[in-house]
Amino acid sequence: MSAVDHPAPRREIRERFGFLRRSYAMLVKEFIQLKRDRVSFAMIVMLPVMQLMLFGYAINTTPRHLPSAVLLQEDSDLARSILKALENTAYFRFLYEVHDVDDFDNLLKSGKVLFGVEIPRGFERAVRRGDKPALLVAADATDPVAASAAIGSLGMIVQTALKHDLYIGDPPEMPFEIRAHARYNPAAASSLNIVPGLVGTILTMTMLIFTALSVTREVERGTMESLLSMPIKPVEVMLGKIIPYVLVGFVQAFLIISIGVGLFGVPVLGSLVLLALLSTLFITTNLSIGYTISTLVQNQLQAMQMSMMFFLPSILLSGFMFPFAGMPAWAQYLGEALPLTHYLRIVRAIMLKGATMQNLHFDTLALAALMLLAMTIAVTRFRRTLD
Amino acid sequence: MSGGNGIAIDVKGLTKSFGGREVVHDLSMQVKRGSIYGFLGPNGSGKTTTIRILCGLLTPDSGEGTCLGYDIRRDAEKIKRQVGYMTQRFSLYQDLSVRENLEFVARLYGVTDARGAARDMIRRLGLSGREEQLAGELSGGWKQRLALGACTLPNPQLLLLDEPTAGVDPKARRDFWNEIHALAAEGLTVLVSTHYMDEAERCHEIAYIAYGYLLAHGTVEEVIAKSALTTYTVTGEGLNELAAALSGKPGIDMVAPFGSSLHVSGRDVPALEASIASWREKGGLRWQQSQPSLEDVFIELMGRSKDNFQ
């Protein structure tokens, strides 16, 4: 009816500058859509600012306060002085004092400490006699960057520190020998550090994306509406979406590790079964987090952005690129909340140190806790109606 | 059978708002078991929202009622098992084949022998030979037929069809309606929303909803009778000028062209007669008083409700 009542006046169509006109029309449309998508808009600002602040302050390639342990086989003044001197350098922080070799090895193997100083029995007496005994220093060289700086500075530190204790005369001569032992990676080959790390990083990236898009895809394609009208529960949807990718992730992990072993000569000292089991746990944790993202966002673009938000800190704060021990405490706490941090410890420990489940309780539990947390959020956040 | 009182849907005072805008207003309706209930109304009138409330996809702000004897608020899960909902937009998986889609639905509802059930449905739908084709590659008519098949597969008691025949050719539309009548004959209750008047006339009962208000309901004859509309059909030359001249005149509620004729309708008969009097004498035009069509009634209702509610 209205078409009869109010015929629209005919407007002229201009042909000049058609290219610019059409580009402009497209540009206006894109801006409007961008403005409507509030979350994306916020991410455009938040992503760079947050990431820059976060990583700018957190990343430090010369690690400080490396978690360390001392194996004291004699309790002498000299031993105390040396420890004090080491601690004063801010390179080391002595967390454990043990008297048994097994405990000492265990601490290193589980990754609780990166550094160990062993003061052998009869050390002080040997020094006084001028026997030049050996002070053993064991470093976890699975992360060569973290270890090498500390080892390098060791000699000088001890020398200057002991000068005023009159153990060292003038001209300075070391009354004992420092024997540094780079454990697990004596050649400090970076591939030994990087390859196991890559297993975790690649898995994080691929797993996250797989599930991060899964719910939004259903919403965008319109299939969610009929899915919701059918008798299926949120947990069932989640499990159905996660499980196929556990298999995919498993194949992927197998591929990366095979290449690492075959081409880069990375050893697998520990149990393959344990590695497979804990890798599966890690894969499932990442898939759950991806799925959680998927229930939080409105479209696929947001899902990708949020995945990036999660992925970048995973790379930078987990100890993959930069030594974990070098980060300030707050950044370390943040790192502890990332599954990759725990998996890196696990995968490095199993492959390079031959660690067993005994050494990996904490990181395994942390992964499981993160997985359950993600799943709980996902199930509660999953919208059962279209309200 | 649950709620065996012969009523499939019984709701009172349903209200639903989105972002402060009331989409469904105090809606009450009853649908008999085994009947085909047509849901009509302009776009954005609240048809889809009402259907979604009935199958538990939306929670009403207020109002109550039962669907197949289950409370629509508390028993959404039970309702979902007994209801087949065909969405307005094709919502099966485009990247799954016909067979895979049907098997998925069958498994979700726990149909025993999902493969067999899917195979039977493919045969019933006449999709044999196409079972491995991806659903996204089917033509509009086949897609809609597949969607109907998917929602009847788990043997529901109630079908909710949201504009199932939009954009489908007349032959496919007729086949579709034959299928719906066959299903209703088997005892299924069908609630179907549509814009097509010929489809409305194929329903046992219809309801007209506009701007969230249920304006009329009953059989087609009842709705037409209740409208108290008087309609003249005009044929001849210069109908465009006549339409322009008559619209808005006192007593004339509606002027609508129908092919080579023009329908002029109004409820106030004396005023209508007065307004058209001068035109009736004019040569070249043939005036005939006729029964208003369902479309006349609806367009008039729509125009009226617009004045009242917008």
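This report walks through two chains, their domains, a sheet in chain B and a helix pair in chain A.

The model is predicted: local features need pLDDT of at least 70, side-chain atom pairs count only at pLDDT 80 or more, and totals for chains, interfaces and linings use all residues. Residues are numbered from 1 along each chain as its sequence is written, while chains are lettered from A and ligands numbered from 1 in the order in which they are written.

**Domains**

Let's begin with the domains, whose bounds come from an automatic or database domain assignment.

| Chain | Domain 1 | Domain 2 | C-alpha centres apart |
|---|---|---|---|
| A | residues 66-183 | residues 190-381 | 37 Å |
| B | residues 7-220 | residues 230-291 | 39 Å |

In chain A, 12 residues of domain 1 are in contact with 15 residues of domain 2 (contact means C-beta atoms, placed from the backbone, within 7 Å). Strand S1 (66-72), helix H5 (101-110) and helix H7 (144-163) of chain A each supply at least two residues of the domain 1 side. Here helices (H or I, at least four residues) and strands (E, at least two) are DSSP runs, numbered from the N terminus.

**The sheet in chain B**

Four strands of chain B form an open sheet in the order S2-S1-S4-S5, with antiparallel pairing; two strands pair if DSSP finds at least two bridges between them. Strands S2 (21-32) and S5 (70-71) of chain B stand at the edges with a single partner strand each, so one side of each has no neighbour in the sheet. Strand S4 (residues 62-67) of chain B is joined to S5(B) by 2 bridges, and Thr66(B) stands opposite Asp71(B) in S5(B). Helix H1 (residues 47-54) of chain B lies across S1 (7-18), S2 and S4 of chain B, at about 120° to S1(B). Axes are lines fitted to C-alpha atoms, for helices over the stretch in contact, and angles run from 0 to 180 degrees between N-to-C directions.

**A helix pair in chain A**

Helix H8 (residues 190-212) and helix H13 (residues 300-317) of chain A pack at about 160°, with their axes 10 Å apart. H8(A) and H13(A) are therefore roughly antiparallel (angles over 145 degrees count as such, under 35 as roughly parallel, 65 to 115 as roughly perpendicular and the rest as oblique). Among the residues that meet are Met205(A) and Leu208(A) in H8(A), and Phe310(A) and Phe311(A) in H13(A).

**Where the chains meet**

Finally, 22 residues of chain B are in contact with 16 residues of chain A. Helix H2 (76-82), helix H9 (239-246) and strand S12 (254-258) of chain B each supply at least two residues of the chain B side.

Terms used. Contact = placed C-beta atoms within 7 Å.
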